[in-house]
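Q: Please guide me slowly through one part of this model, explaining the words as you go. I would like to see how its pieces fit together, beginning from a single pair of residues.

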Amino acid sequence: MPKHMTVPLMRAWNSWSDRPAEMVFLPLGVRITPVLYSTRSKTTSAIEPRHNPVRLGRHTIDGSLIELETDHTGTTIAFSTTKTDPFAVRGSWEGTVSAEWGLRFWLTLAISSDGGEVGVHDAGRNTTLLKVGTRFVAVVTAEAPVHVTGHDTIDALRADFEENGYFYTATRRNEAPVIALRFNLEMMRKGAYAAAVADSADLAVEKAKACLAGGTAPAKTEAQSGAFRGSLDAVRDVVAWNTIWDDTNARPYTAVTRIWNLGKFAVWYNDQLFAALLAGVFDADLARENMATAMASATPQGNIACIVTSNDAWVDRSQHPNGALVAWQLYQRTGERSMIAASYDALARNQRWWWENRDPDSFGLLSCGTSDVGEGLYKGTAFGARNETGMDNSATHDEAVYDPVTRTLSTFDLGLNCAAALDAEMLSKMATVLGKHDDAREFADIAERSRKLISETLWDETRGIFANRQRSGGFVRSLSPTSFYPMLCGAATPEQAARLLEHLSDERTFGGDFVLPNATRDDPAFGDNVYWRGRIWPNVNYMVWLGLRRYGFHARASKLADQSYALFMKSWSKDRIASENYNAVTGEAMDQGDTDPFYIWAALLPLMATGEIVDFDPWTGWTIHNGGKDLSIGPMLSPAGTLNITIDAGLLSMTLNDRVVMQTDLQTTFSRIDVGPTAFSCAISPVSKAGAIILPNVSARAVASVWVDGDEVDYTTSHDGIRVNIAESAQARHFRVYFLSA
C-alpha cells in the first residue's frame, strides 16, 4: 500500500534504510536491495555498516548521485546510482577486487515492497513489475540475470544462499513478495539496472528502459575546490549518508550515525540540532525536518529531553540549550521566518525550565541535574546529571558531588551557563522578529545577567582562565575547552579574552598540532584518551571557533579552522572516516573503540573551513571573505537563492541562481550582506589596498544611487553592469546601492 507520500519529490528515491546500498522509493515503500554471496565463506551480506565493511562515497542530498564500496570475504564491489528524474533511478555495480572465482560470487538484486505486494518477473521482456496501490514500479537490467528466484523475505533469500549454496535452482519463481535477480561476477563483473515509477505498467517499463539506456549521468563537479578543497563535499556527504527514514515515527531525519545500533531510532538533542544546522547548508526542508525531530523531544515539564530512542527516554535531564543558536543561524541562511517560528515555543519553554529546575540556590548560575520524572537509565545519579553537558566522563566533573536533595551536582558548570546565556540572547533576537517584545526583553535580561555572573564568578584570576566552580566556593582543577565559551556568549571582558588566547596556544594546555583536547595536556586525565578525557570533539571546536570570531580574533579563528580541517581530512581523504572524536596527540580517529567512524557532527570541522569563506554569522549575518586564494564553493543555500562563489586571481564572484550578482577584488570580509529587489548592501571590513565592487547585469538606468558610509558616491557604467571604486581604509564601512522600483 502507498506510504510516506509527503516526502519531497526529488528525495523520494534515496538510501533511506540502514542498508546504504539499498535504494528505496519511499512513497511506495519499494526497495531494491543488493545481496552478496560468497561461496568461499558460505555467507551473505546485505551491505550493513554495522556488520560489513562499507566505504561511503559521494552522496548528494537528493540522491541524484550515490556511491559506495563494500568488501565481502575479500571481494570488493563498487556501487553507484544516479537519477535525472524524480521517478526513475539507475544503478550500477563493478567488481573491482576478486578473492574467489567470480562464478561462485553472486550479486543479487532483491526487489520487494514494504506492503508485501507480489512482484512478477517477465523473463521474455527482462522486466520485473510491482503494483503498489494504483502505481507500477518496473525494474529492468542491462543483462538478463542468470536465474530468478522468489522468496517471502530478504532473510529467506539469504538463508537460501547460506543453506543451499550458489548452484541451486529449486527456489526459482517468477512471482513472489521478493523477486531475486541473480548475477555472478564471472559473467557480469559489471552490471546495471534501472527502476521507474508510473501509472501504468507499460509506461513504467518504458521509463525504466529509457533511464537504463541513458547511461550514467556526468560526474558531479566538486562542491569545493582550491582553498579548503573538499570541505563542502564532506559536509554534504556526511549529512546525506546519515539521513534515513524513521519508520517508528514516520519521519525522515538525519541520524547521529546510521552505523550505531541504539534501537529503531535515536535522537540526542544537541546532535539533532547540529544535524539541522549542517543540513541547512543545502536543503531547507531537511533542516526543518531535523529541527522538528529535535523539538519533538520536548517534555510536558518544559525541558527538551537529553535523548529519546525506541528503547529509552531521558526526560529527567536535558543537554546544553543550543537550539536557539541553530534556529537563528538557519533563519539567517534561509531567510525563512518559519525556521524560528516553528521551534520558538519549545525553545522558550526549555530556557525557562533551566532556571526553574537547575538553580537550586537561586544564585543565577546553573548546575547540572536529573529531575524526578520518567524512567530513564541513570536517572537520579551523578552520571545522569553529567549527561546534561554531553561531556559525560569529562575530568571537569571529577570533583562534582551529586546532591540527592536538590538533584543537582555541586558545581556551577561553565559550559552549561555559557550555552544558556547564548540561548537567551538568540531567543531575544527570535522574539523580536516574531513580534514578541515582552519575551525579547525577558530573554535579553537573562542573557545580560548570566554574562555578568559568568564573568565575575567563574573567572579564576589565579590561573587566568574560566573554570567550573563549586557552589560552595572553590574552583575545580580540571579544565576543558568550555573555558573559551565565555567568548561564545559574550561574557568575557577584553582583558579576560586576551588571557584566554594565551591558553589557546599554550602547548602545555590546549595548544599543539592537533586541537582542541578536551582535557589540558598537563592533566592526568589527558593520558586516558577515552571519550571526553583528552580527545578532540568537533562540536567543541566549532563553538570555540564561533566565539573567537565573535570577539574579532579572526586570525586565531582561521588557525583553528585550518587545524580542524587538517584533522578531519587526515581520516577523510583516504578512508572516508568522519569521526565522533579524535586522538589529540596523533590526530587518529579509530585508535580506540569509543568512537564512531561516520558521526554527524564530525562535519562541523569542514563546516568551519567553509565558514572561513562564506558563513551566516549569528551576530553579523551573511558574510563572505575574499582571501585572495583561488577557490570555488557551492552550491549552497542563501536568503537570496542558490549561492556559488569563486575566487580567481584575486577576483571574487558571487553567483545567485546561476546569475553573477557581485564581483570584487577587495581582499577583505563583507558582512551583513542583503540582496533584494530594491537594494544591495553590505558592510566592508578594513581594506589595505583599493579596489572595486562590481554589480554585473545591472543597468545604469536601474540604479537610483550608490552610498558609502552615508555619502553618495560616483560609479561608472558599462554594457554589463556598474563599478564602484573603493579606497583603502582602516575603518569598516557600509556600502549600499539603491535600485529604481522599475
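Which residue in β32 does Ile-645 stand opposite?

A: Ile-645 stands opposite Met-654, which belongs to β32. Their surroundings are two antiparallel strands, β31 (residues 641–648) and β32 (residues 651–656), which six bridges join to each other. The names come from DSSP runs numbered from the N terminus (helices are H or I of at least four residues, strands are E of at least two), and strands are said to pair if DSSP finds at least two bridges between them.

Before going further, please keep in mind that this is a predicted model, in which local features need pLDDT of at least 70 and side-chain atom pairs count only at pLDDT 80 or more, while totals for chains, interfaces and linings use all residues. Residues are numbered from 1 along each chain as its sequence is written, and side-chain values use heavy atoms, with hydrogens and water left out.

Stepping back from the pair, β31 and β32 take their places in an open sheet of eight strands, whose order is β17-β30-β31-β32-β33-β36-β40-β39 and whose pairing is antiparallel. The edges of this sheet are β17 (224–226) and β39 (716–718); each has a single partner strand, so one side of each is left without a neighbour in the sheet. From one strand to the next, the twist averages 20°. Helix α3 packs on this sheet, where it touches β17 and β30, and the direction of α3 makes about 40° with that of β30. Here contact means heavy atoms within 4.5 Å, and axes are lines fitted to C-alpha atoms (for helices over the stretch in contact), with angles running from 0 to 180 degrees between N-to-C directions.

The helix α3 also has helices as neighbours, and two of them can be followed residue by residue. With helix α14 (residues 554–575), the axes come within 12 Å and cross at roughly 60°. On the α3 side the residues in contact are Ser-231, Ala-234, Asp-237 and Val-238, and on the α14 side they are Tyr-565, Phe-568, Met-569 and Trp-572. Sorted by class, this contact holds six nonpolar residues, one polar and one charged, where Ala, Val, Leu, Ile, Met, Phe, Trp, Tyr, Cys and Pro count as nonpolar, Asp, Glu, Lys and Arg as charged, and the others, Gly among them, as polar.

The other neighbour is helix α15 (residues 604–611), whose axis comes within 8 Å of that of α3 (residues 231–242), the two crossing at roughly 140°. In this contact, Ser-231, Leu-232, Ala-234 and Val-235 of α3 meet Pro-606, Leu-607, Ala-609 and Thr-610 of α15. The residues that take part are six nonpolar and two polar, with no charged residues. Ser-231 and Ala-234 therefore appear in the contact with α15 as well as in the contact with α14.

Returning to the sheet, we can look at the strands at its other end. Strand β36 (residues 691–696) and strand β40 (residues 721–726) run antiparallel and are joined by six bridges, with Gly-691 standing opposite Ile-726 of β40. Three bridges then join β40 to β39, again antiparallel, and a hairpin of two residues leads from β39 to β40. In that pairing, Thr-717 stands opposite Ile-722 in β40.

One strand that α3 touches, β30, has a detail of its own. Pro-635 has its place in β30 (residues 631–638), and the peptide bond that leads to Pro-635 from Gly-634 is cis, with omega near 5°. Most residues other than glycine have a negative phi, and most peptide bonds are trans.

A second open sheet completes the view. Seven strands form it, in the order β28-β29-β34-β35-β41-β37-β38, and their pairing is antiparallel. Its edges are β28 (614–617) and β38 (711–712), each with a single partner strand, so one side of each is left without a neighbour in the sheet. At the β38 end, two bridges join β38 to the antiparallel strand β37 (residues 703–708), and Trp-707 stands opposite Glu-712 in β38. Within this sheet, strand β34 (residues 669–675) holds Arg-672, which has a positive phi of about 50° although Arg-672 is not a glycine.
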